[in-house]
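Work through the exercises below with the coordinates open. Each task comes with a stepwise solution.

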Amino acid sequence: MEADIFEYHKEEEPVDIETFSGGKQKLIQPTSLNDPKLEKLKEVLVCWINSTLKPEHIVVQSLEEDLYDGLVLHHLLSMLAGVKLSVEEMALTSTAQIRKLEVILEELDKRLGLQDGREIKWNVKLIHNKDPLATIHLLVAMVRCFKPDLDLPPNVKVDIVVVEVTKNGIKTEVQTEILTEARDAGSDSQGNTEREDPIEELLKLEPHKVNTVKKAILHFVNQKMSTMGLHVADMDKQFADGVILLLLIGQLEGFFIPLHDFNLTPVSPSEMLHNVTLALDLLHDSGLKMSTVDPQDIVSQDVTATLKILYALFKKHRGK
């Protein structure tokens, strides 16, 4: 199957009141659209979809724009649950897309255990109309079911306006919609506190304790890189261009990375970003459990981001 690259159009469509006459429509408040937590959640979901569908050569850029026709959801269901549905591969007309979504969502709702009378926050019409709330709710439910170890940003909420058209006019109400729960929400045990990333917790300690851990990780790195004649002296800076990081990953994970796949002597930020992005893709493909890291943070020499990656590798490969 050839690559399907979806274009992202950011044009805002006017709200057509007639489309939800007699019912309710939820609209995200403009102030919530730029919420960093919401942006991070969408970014994590896009990365998850793209890594899952990488073997299918499908690339998603926008959750709303790229999922409405059913193609991406069809392939996700196939990859995650091994389900083969009798639907057309490319649904080009609106009628065909809706028919395809009906089949896909019916199967998905079964797999997600949402046919027991509980409120479902998405439906065919909402997904096909590119409703952002419904699309995100569906994807979060799929992550919880099929990829529960994926680290979604916790406690993501948005302010919404609920618009209801009645025979007496238009009623509006402002509400808060929860997209992801707090980290430990849903646990039956009492006294749970939100679990932080171990590196985030580490950096709150006294400087000498932080340095002790950094030295242990640095010793581990140099031990593994010594066979290649490489030595890391400055953990904060030497991983920024992605070269040593790629070589370390190849050494630890047994990857052979062709030299033409990355820039061995990067000179520009874009070349460095390419290297780091490739490194994170390889780690994700290997199933390494780690917190979500933005490649740009590594290039920018963010010590927290760099430590998160190295700690995850250290934890997995120490003693081997």
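Helices (H or I, at least four residues) and strands (E, at least two) are DSSP runs, numbered from the N terminus. Residues are numbered from 1 along each chain as its sequence is written, and side-chain values use heavy atoms, with hydrogens and water left out. This is a predicted model: local features need pLDDT of at least 70, side-chain atom pairs count only at pLDDT 80 or more, and totals for chains, interfaces and linings use all residues.

**Exercise 1. Place H128 and describe its surroundings.**

Step 1. Find the element: H128 lies in helix α6, residues 124-128.

Step 2. Classify the exposure. Buried means under 20% relative accessible area, exposed over 50%, partly exposed in between (1.4 Å probe, protein chains only). H128 has 13% relative accessibility, so it counts as buried.

Step 3. List the neighbours. Contact means heavy atoms within 4.5 Å. Leaving out residues up to four places away in sequence, H128 touches Y68, S94, Q97, I98 and L101.

Step 4. Look for a polar contact (a pair of N or O atoms within 3.5 Å; within protein, one must be able to donate a hydrogen and the other to accept it, and residues adjacent in sequence count only if both atoms are side-chain atoms). The side chains of H128 and Q97 make one at 2.8 Å.

**Exercise 2. Decide where the coordinates deserve caution.**

Step 1. Take the average. pLDDT is the predictor's confidence in each residue, from 0 to 100. The protein averages 79, and 83% of the residues score at least 70.

Step 2. Rank the elements by mean pLDDT: strand β1 (residues 4-5) is lowest at 39, and α6 is highest at 91.

Step 3. Mark the weak stretches. pLDDT stays under 50 over residues 1-22, which have 36 contacts beyond four places in sequence in the model. It also stays under 50 over residues 184-195, with eight such contacts.

Step 4. Apply the rule: where pLDDT is low, the predicted coordinates should not be read in detail.

**Exercise 3. Characterise helix α7.**

Step 1. Check the length. Helix α7 (residues 132-146) has 15 residues. The expected span of a helix is 1.5 Å times one less than its number of residues. From first C-alpha to last, α7 reaches 21 Å, close to the 21 Å expected.

Step 2. Inspect the start: a side-chain oxygen of D131 comes within 3.1 Å of the backbone nitrogen of L133.

Step 3. Collect buried residues of α7; among them are L133, I136, H137, L139, V140 and V143.

Step 4. Add C145: at 36% relative accessibility, it counts as partly exposed.
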